[in-house]
Amino acid sequence: MTSTYHIVLLPGDGIGPEVVAGTRRVLEELAPAFELAFRFETHLMGGCAIDASGRPLPEETLAACKQADAVLLGAVGGPKWSDPNAPVRPEQGLLALRKELGLYANLRPVRIFPQLRNASSLKPEVLEGVDLLVVRELTGGIYFGPREEGPDRSYDTMLYTRPEIERVVRVAARAARRRRKHLTSVDKANVLGVSRLWRRVTTEVMANEFPDVTLEHQLVDAMAMHLIRRPADFDVIVSGNLFGDILTDEAAMLAGSMGMLPSASLGEGTRGLYEPIHGSAPDIAGQGIANPLATILSAAMMLRHSFAQEAAAQAIEDAVARALAAGYRTPDLAAVAAADQTVEVVGTEAMVSVVCDFLHTD
Ligand code: NAD
């Protein structure tokens with residue numbers, strides 16, 4: 001029986017519309033083989049929404065997202081809307097959307113495709129086998145705690161409650177269960193009381209609900225080193241908002257290229273927001289050369305996390321891996337090909353077509 005999913009597309013600004021259109025094509029190509037049907041609805045968010053309505057997240061966009069099974073976002077922002085004194089900014093739309101949808105867990109997988117190993121500044125042998133997932137708490141911690149700012153005295157407060165920790169740890173542990181069943185929780189428990197609560201609650205949740213998943217604790221300063229020295233040793237990493245913010249960027253750099261990394265933001269229930277981690281790349285917008293793979297891989301995450309369609313998610317990831325193995329590169333990746341590799345430089349649409357073709361090969 002065909003499973004039907006309602007997806008809201010928010011192409012946004014810059015290269016967003018190009019990479020989202022390509023990803024829609026991949027989903028449509030994939031659907032029949034897995035007995036899936038997608039109902040797409042496109043809405044404005046970001047700079048384009050400010051131009052049309054004066055608001056970065058119009059009411060009708062938010063209402064549509066609340067009705068959807070999942071949301072796929074391109075990117076928002078660009079020089080046209082970057083005046084710091086402007087009354088509204090595109091990024092406000094994204095923050096408001098995450099908050100309105102209650103998306104408290106941000107998932108960023110980092111997988112190194114063998115063909116792109118020399119895109120990273122780390123030695124290729126260190127990157128051998130890297131396949132990790134960082135889960136960052138997104139709506140609590142020091143970014144949202146009580147604060148005060150004055151000319152001579154300011155403070156921000158890292159505040160977490162038991163339920164806030166429990167729910168994000170559960171998201172991470174469920175992901176670990178689908179992967180290599182290893183969870184690393186990152187904190188600063190040798191100094192911070194809030195981290196000692198984090199550690200205690202994490203240990204309890206894991207012992208009571210996920211005895212099949214191995215748990216280890218790391219201090220954030222040590223973790224910053226381990227990620228660079230032995231990244232292949234990690235499976236799922238869970239952390240609070242501030243530490244997670246820093247570690248996700250560090251982990252992203254393992255992969256070297258912005259155009260390859262997907263992300264998901266999840267809350268209660270299965271609805272999620274999926275987006276590439278890169279921005280709207282105004283420098284290349286409209287040229288047909290944007291790398292669509294991060295958005296295509298975000299759609300794979302959507303299939304996995306919102307629709308529980310693991311085989312379909314895997315099919316997309318395999319098709320991307322095959323496209324790279326066959327030597328196809330968008331210009332941002334062309335420069336990082338191995339010396340012994342012949343590559344064919346292609347634009348956005350051609351890369352999408354190649355991925356669609358590889359969906360049908362075993
Ligand atoms: P960016 O990620 O847009 O671009 C950085 C560099 O990477 C550029 O040279 C760009 O050409 C390249 N790049 C990024 N994605 C690419 C892709 N898919 N294919 C090929 N090359 C790619 O970051 P930026 O230049 O700092 O920001 C540009 C705008 O995007 C700003 O307005 C910023 O606020 C916004 N932004 C939005 C998001 C989001 O929507 N989630 C995230 C980051 C930045």
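Select Ala285 in this predicted model: the residue lies in the loop that runs between β12 (272-276) and α10 (293-305). With a relative accessibility of 30%, Ala285 counts as partly exposed, because the buried class ends at 20% and the exposed class begins over 50%. Display its surroundings next. Beyond the neighbours within four places in sequence, Ala285 is in contact with Gly14, Ile15 and Glu18. Then add His226 to the selection: 59 residues separate Ala285 from His226 in sequence, and their C-alpha atoms are 37 Å apart in space.

Turn now to the ligand. Which residues are closest to the ligand? They are Val76, Gly279, Ala281, Asp283 and Asn291, out of 19 residues that surround the ligand. Three polar contacts merit individual inspection. At Ala281, a backbone N or O atom lies 2.8 Å from an oxygen atom of the ligand. At Gly78, a polar backbone atom is 2.9 Å from a ligand oxygen. At Glu91, by contrast, a side-chain atom is involved: this polar atom lies 2.9 Å from an oxygen atom of the ligand. With a surface displayed, one may note that the protein covers 67% of the 810 Å² of accessible area that the ligand has on its own.

Next, colour the chain by domain. The domain assignment gives domain 1 as 1-106 + 261-362 and domain 2 as 121-255. The centres of domain 1 and domain 2, taken over C-alpha atoms, are separated by 25 Å. At the junction, 12 residues of domain 1 are in contact with 12 residues of domain 2.

Hide the surface and proceed to the interior. In soluble globular proteins, nonpolar side chains tend to be buried together. The largest nonpolar core here comprises 71 residues, and Phe38, Val135 and Leu303 have the most contacts inside it. Helix α11 (residues 310-325) supplies the largest share of this core, with nine residues. Domain 1 (1-106 + 261-362) and domain 2 (121-255) each contribute at least three residues to this core. Centre the view on Val135: not counting residues up to four places away in sequence, Val135 touches Ala105, Asn106, Leu107, Val168, Val171, Ala172, Val236, Ile237, Val238 and Ser239. Another core, of 20 residues, lies apart from the largest one, and includes Val110, Ile112, Leu247 and Leu254.

Select Thr184 next, in strand β8 (residues 182-187). Is Thr184 buried or exposed? Its relative accessible area is 0%, so Thr184 is buried. Its contacts, leaving aside neighbours within four places in sequence, are Glu216, Gln218, Met223, Phe234, Val236, Ile237 and Val238.

The tour ends with two backbone conformations. Most residues other than glycine have a negative phi. Select Lys181, in the loop between α6 (162-178) and β8: its phi is near 60°, a positive value in a residue other than glycine. Lys181 counts as partly exposed, at 35% relative accessibility. Finally, select Glu35, placed in the loop between α1 (16-30) and β2 (36-42). The phi of Glu35 is also positive, near 55°. At 44% relative accessibility, Glu35 counts as partly exposed.

Methods: Residues are numbered from 1 along each chain as its sequence is written. This is a predicted model: local features need pLDDT of at least 70, side-chain atom pairs count only at pLDDT 80 or more; totals for chains, interfaces and linings use all residues. Side-chain values use heavy atoms; hydrogens and water are left out. A nonpolar core is a set of buried Ala, Val, Leu, Ile, Met, Phe, Trp, Tyr and Cys residues joined through side-chain atoms within 4.5 Å. Buried means under 20% relative accessible area, exposed over 50%, partly exposed in between (1.4 Å probe, protein chains only). Helices (H or I, at least four residues) and strands (E, at least two) are DSSP runs, numbered from the N terminus. Domain bounds come from an automatic or database domain assignment. Contact means heavy atoms within 4.5 Å. A residue is near a molecule or strand if one of its heavy atoms lies within 4 Å of it. A polar contact is a pair of N or O atoms within 3.5 Å; within protein, one must be able to donate a hydrogen and the other to accept it, and residues adjacent in sequence count only if both atoms are side-chain atoms. Accessible areas come from the Shrake-Rupley method with a 1.4 Å probe; for residues, only the protein chains shown count as cover.
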